[in-house]
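Dear colleague,

I am handing over the structure we spoke about, with the sequence alongside. Please have it open as you read, since the notes below go through what was found in it.

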Amino acid sequence: MKRILLLMGVLFFGISNAQIVAPMSEDFTATTVPTGWSTSVTSGSAWLFSGNNNSVNCPAASDNTGNSSGYTWHDQSGADVSAILEMDTVDVSALTAPYLEFYYWMCGVGYTPPNVTIVEAYDGAGSWNRIDSLIWATNGWQLHGYDISTYTYGNNRVLIRFRSESG
């Protein structure tokens with residue numbers, strides 16, 4: 001059975017709400033869903049939290065720092081539909097330029113079409129807006145960053161999620 005992996009470590013700079021004070025980062029070193037995050041899945045496998053991915057086609061991964069302390073990952077080898085990793089709504093009103101930054105790695109050996117990870121922001125009115133789609137294998141961890149100031153709603157609130165879909 002082939003295993004397709006998506007591994008992530010997330011930094012979300014300049015965010016504050018009642019539970020989280022800016023700047024904030026999450027390194028996903030725990031083996032459970034971190035405080036301030038939630039997961040859901042329509043069908044297939046959910047996001048996992050460990051430093052032990054389950055890859056057949058790619059070598060085992062350390063976290064983005066190389067010290068094997070952990071990360072979140074999703075095994076995209078099945079027929080996965082809407083595996084979601086979502087952060088709590090945050091207040092960015094005190095910030096000049098809210099910014100989302102994360103490390104991303106996808107093992108892309110042995111499958112086609114590629115799987116996709118979609119970065120989305122909620123608009124406050126029931127819809128999710130695509131910030132980016134990550135549809136390619138990487139050679140190790142890659143840093144991604146986005147100005148998210150145009151994705152605020154209400155009183156300068158931001159809600160971000162990562163949606164994983166099988167290719």
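A residue is called buried here when its relative accessible area is under 20%. Please also keep in mind that this is a predicted model.

With that cut-off, Glu120 is buried, and Arg161 is buried as well. The side chains of these two residues meet in a salt bridge, with a distance of 2.6 Å from N to O. The pair links distant parts of the chain, given that Glu120 sits in strand E9 and Arg161 in strand E13, which covers residues 160-165, and that 41 residues separate them.

Glu120 also has a second partner, since its side chain meets that of Arg163 in a salt bridge of 2.9 Å, again from N to O. Arg163 belongs to strand E13 and Glu120 to strand E9, so this pair ties together parts that lie 43 residues apart in sequence. As for burial, the relative accessible area of Arg163 is 14%, which is under the 20% limit, and Arg163 therefore counts as buried. Glu120, at 5% relative accessibility, falls under that limit too and so counts as buried.

Arg163 in turn forms a salt bridge with Glu165, where the closest N and O atoms are 2.7 Å apart, and both of these residues are buried. Through shared partners, the salt bridges join Glu120, Arg161, Arg163 and Glu165 into one network. A search of the whole structure finds three salt bridges.

To place these residues in the fold, it helps to look at the sheet. Five strands form an open sheet, in the order E3-E6-E13-E9-E10, and their pairing is antiparallel. At the edges are strand E3 (37-43) and strand E10 (128-134), each of which pairs on one side only. From one strand to the next, the twist averages 20°.

Strand E9, which spans residues 116-122, is joined to E10 by six bridges, and the two strands run antiparallel. Which residue of E10 stands opposite Tyr122? In the model, that position is taken by Trp128.

If you have time for one view, I would suggest strands E9 and E13, where the salt bridge between Glu120 and Arg161 connects the two strands, and where Arg163 and Glu120 form the other pair described above.

With best wishes

Methods. Residues numbered from 1 in each chain as written. Predicted model: local features only at pLDDT ≥ 70, side-chain atom pairs only at ≥ 80, totals over all residues. Heavy atoms only, no water. Pairing = 2+ DSSP bridges. Helix = DSSP H or I, 4+ residues; strand = E, 2+ residues; numbered from the N terminus. Axes fitted to C-alpha atoms, helices over the stretch in contact; angles between N-to-C directions. Salt bridge = Lys/Arg side-chain N within 4 Å of Asp/Glu carboxyl O. Buried < 20%, exposed > 50% of the residue type's maximum accessible area, 1.4 Å probe, protein only.
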